[in-house]
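Trainee: I would like a close look at how the helices pack against each other in this model, and at the aromatic residues that go with that packing. Could you take me through it in one connected account?

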Amino acid sequence: MTKIKKLIHKIPLITWFIIVLIVVFSFRSDQYLTYRNLLVLLQQGSVLLVVASAATFVIISGGLDLSLGSILTVSGITSAMAVTAGIPIPIVFLVGGITGFLCGAVNGFFISYCGLPPFITTLGSQGIFYGIALLLTNNEGIVIYDESFLILGANIGGMIPMAFVCCFILYIIMIIVQDYTRFGRYIYAIGGNAEGARLSGLRTRFWKFFIYAFAGMMTGLAAVILTSRLEVADPLVGDRGEFEAIACAILGGTSMNIGKGDVKGTILGAALLTIIRSGMNVVRIPSLWQSAILGTVLILAIVFQVRLSLKEGRG
């Protein structure tokens, strides 16, 4: 019995939230636990998982990126323009990744080398990137007809969403970067004690700059996949994306107190948010109420998560 209790205590609180919500939505609608709805969940949550993981890297390093949603948008626009120009698919991924990298690099330059606060910098760049997206599209979506590109948004054998497979590969890459590379160790070092890391010989300015650029690049790659799934590049597709990404990171156990977190926990945050959003649609909650309900549930979940972390810290 003691071993069972210890095992239960080791299960993250957010996991219980997910289980409870699945049970509730399943009782409210017999369509929720169907295979078709599972495919929808995987498709909706896949891109969010990558963007939230990118946000996790930034938060662990002691930073904040409010422009990830706009980076997702402008990278999707440039990749759609590349597709319509007849550029091969591998190069389209390169275009999306480079666009995201450059956007993140702009943030990283002003934050790391100019000493501007991350909140102000990324809030300002958010507006700039959305403006660029609107200018490139003339405030209209770019519809894509290239079947070789749209296959990324299809299902493998009619069973597994290709978008989920691609995004999960990106997610695994980010786990490997975090756990098995010097760059991953530098993220924690900078977040835990930037001055101490600098005095020990670490080029903190460069690596802080690169963290934002890397987060932008991964978001840009996710944008290519999202564009293929939607079959259109929308100039406002990333609206509120940064809010959801940061919320997923915090729900997954990443601390805003810098230097603490794990991208492996972010998948739980992405799962919770995706389940809530999908569940509200399945039980037909009016869209006017969905934003308020989603925000309330997220705040409550984050409060419980923070209180639990504080309790564990005192323990």
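Mentor: What follows begins with two helix pairs, goes on to the aromatic rings, and ends with a few single residues. Please keep in mind throughout that this is a predicted model.

Two packed helices are described by the angle between their axes and the distance between the axes. For helix 5, which spans residues 89–113, and helix 10, the axes come within 6 Å and cross at roughly 150 degrees. An angle over 145 degrees counts as roughly antiparallel, and helix 5 and helix 10 are therefore roughly antiparallel to each other. The crossing in which helix 5 passes helix 10 is right-handed, and the contact between helix 5 and helix 10, sorted by class, has 16 nonpolar, ten polar and two charged residues.

The other pair is made of helix 3 (residues 35–60) and helix 8 (residues 162–180), whose axes come within 8 Å and cross at roughly 20 degrees. Because that angle is under 35 degrees, helix 3 is roughly parallel to helix 8. Here helix 3 passes helix 8 in a left-handed crossing. On the side of helix 3 the residues in contact include Leu-42, Ser-46, Val-47, Ser-53 and Phe-57, while those on the side of helix 8 include Phe-164, Cys-167, Tyr-171, Met-174 and Gln-178. Sorted by class, the contact of helix 3 with helix 8 has 14 nonpolar and three polar residues, and no charged residues.

Phe-57, which takes part in the contact between helix 3 and helix 8, leads on to the aromatic rings, since Phe-57 is also a member of one aromatic cluster. That cluster further contains Phe-101, Phe-109, Phe-110, Tyr-113, Phe-183, Tyr-186, Phe-206, Trp-207, Phe-209, Phe-210 and Phe-214. In the whole structure, a search finds 17 aromatic pairs. One of them joins Phe-109 and Phe-110, whose ring centres are 5.4 Å apart and whose planes stand at 80 degrees, so the pair is edge-to-face. Phe-109 counts as partly exposed at 40% relative accessibility, and Phe-110 counts as partly exposed at 36%. Trp-207 and Phe-210 also form an edge-to-face pair, with 6.0 Å from centre to centre and 85 degrees between the planes. Both Trp-207 and Phe-210 lie in helix 10 (residues 204–230), where they are three residues apart, about one turn of the helix. Trp-207 is buried, with a relative accessible area of 18%, whereas Phe-210, at 23%, is partly exposed.

There remain a few single residues to consider. Gln-126 lies in helix 6, which covers residues 118–137, and with a relative accessible area of 18% Gln-126 is buried. Leaving aside residues up to four places away in sequence, Gln-126 touches Leu-66, Ser-67, Ser-70 and Glu-242. In the loop between helix 6 and strand 1 (142–143) one finds Asn-139, which has a positive phi of about 65 degrees although it is not a glycine. Asn-139 is exposed, with a relative accessible area of 55%. Glu-231, placed in the loop between helix 10 and strand 4 (232–233), likewise has a positive phi, near 65 degrees, in a residue other than glycine. At 43% relative accessibility, Glu-231 counts as partly exposed.

Methods
Residues are numbered from 1 along each chain as its sequence is written. This is a predicted model: local features need pLDDT of at least 70, side-chain atom pairs count only at pLDDT 80 or more; totals for chains, interfaces and linings use all residues. Side-chain values use heavy atoms; hydrogens and water are left out. Axes are lines fitted to C-alpha atoms, for helices over the stretch in contact, and angles run from 0 to 180 degrees between N-to-C directions. Helices (H or I, at least four residues) and strands (E, at least two) are DSSP runs, numbered from the N terminus. Angles under 35 degrees count as roughly parallel, over 145 as roughly antiparallel, 65 to 115 as roughly perpendicular and the rest as oblique. A crossing is left-handed if the near helix is turned anticlockwise from the far one by less than a right angle, and right-handed if clockwise. Contact means heavy atoms within 4.5 Å. Ala, Val, Leu, Ile, Met, Phe, Trp, Tyr, Cys and Pro count as nonpolar, Asp, Glu, Lys and Arg as charged, and the others, Gly among them, as polar. Rings of Phe, Tyr and Trp (its six-membered ring) pair if their centres lie within 6.5 Å; planes under 30 degrees apart count as stacked, over 60 as edge-to-face and the rest as tilted. Buried means under 20% relative accessible area, exposed over 50%, partly exposed in between (1.4 Å probe, protein chains only).
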